[in-house]
Amino acid sequence: MDKNRIDGAANQVKGAVKQAAGKVTGDTSTEVEGAAQKNAGKVQSTVGKAKDDARDIAKG
């Protein structure tokens, strides 16, 4: 498994927690930061999956 997939999943979790904390506290800035981090994690996971798929295809 590609490191990007692991790091991406971690960023998604961190972002979700930050987003929820922002909602609970009414801090829009924190909520937006959390959403952005969560989305960045999704992108990072997708990149990792693409690398894994390319590696699997190359192996045959």
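**Close-up A. Asp52, a buried acid paired with Arg5.** In this predicted model, Asp52 has a relative accessible area of just 7%, so it counts as buried. Its side chain meets that of Arg5 in a salt bridge, at 2.9 Å from N to O. The pair ties together distant parts of the chain: Arg5 sits in helix 1 and Asp52 in helix 2, 47 residues apart. Arg5, for its part, is partly exposed, with 29% relative accessible area.

**Close-up B. Lys18 and Glu33, another bridge from helix 1 to helix 2.** Here the closest N and O atoms of the Lys18–Glu33 salt bridge are 3.9 Å apart. Again the partners come from distant parts of the chain, with Lys18 in helix 1, Glu33 in helix 2 and their positions 15 residues apart. Lys18 counts as partly exposed at 30% relative accessibility, and Glu33 gets the label partly exposed too, at 42%. Elsewhere, salt bridges with shared partners join Asp2, Arg5, Asp52 and Arg55 into one network.

**Close-up C. Lys3 and Asp7, a salt bridge inside helix 1.** Lys3 belongs to helix 1 and forms a salt bridge with Asp7, where the closest N and O atoms lie 2.7 Å apart. The two residues are four apart in helix 1, so about one helical turn separates them. Is Lys3 buried or exposed? Lys3 counts as exposed, because its relative accessibility is 58% and the cut-off for exposed is over 50%. Asp7 is partly exposed, with a relative accessible area of 26%. For a sense of distance along the chain, take Thr30: it is 27 residues from Lys3, and their C-alpha atoms are separated by 27 Å. Over the whole structure, a search turns up six salt bridges.

**Close-up D. Helix 1 packed against helix 2.** Helix 1 covers residues 3–25 and helix 2 covers residues 28–59; they pack with their axes 7 Å apart, at an angle of about 165°. How do the two helices run, roughly parallel or roughly antiparallel? Angles over 145 degrees count as roughly antiparallel, and therefore helix 1 and helix 2 are roughly antiparallel to each other. The crossing of helix 1 past helix 2 is left-handed. As for who sits at this contact, its residues divide into 14 polar, 12 charged and four nonpolar.

Methods. Residues numbered from 1 in each chain as written. Predicted model: local features only at pLDDT ≥ 70, side-chain atom pairs only at ≥ 80, totals over all residues. Heavy atoms only, no water. Axes fitted to C-alpha atoms, helices over the stretch in contact; angles between N-to-C directions. Parallel < 35°, antiparallel > 145°, perpendicular 65-115°, else oblique. Left-handed = near helix turned anticlockwise from the far one by under 90°. Nonpolar A, V, L, I, M, F, W, Y, C, P; charged D, E, K, R; others polar. Buried < 20%, exposed > 50% of the residue type's maximum accessible area, 1.4 Å probe, protein only. Salt bridge = Lys/Arg side-chain N within 4 Å of Asp/Glu carboxyl O.
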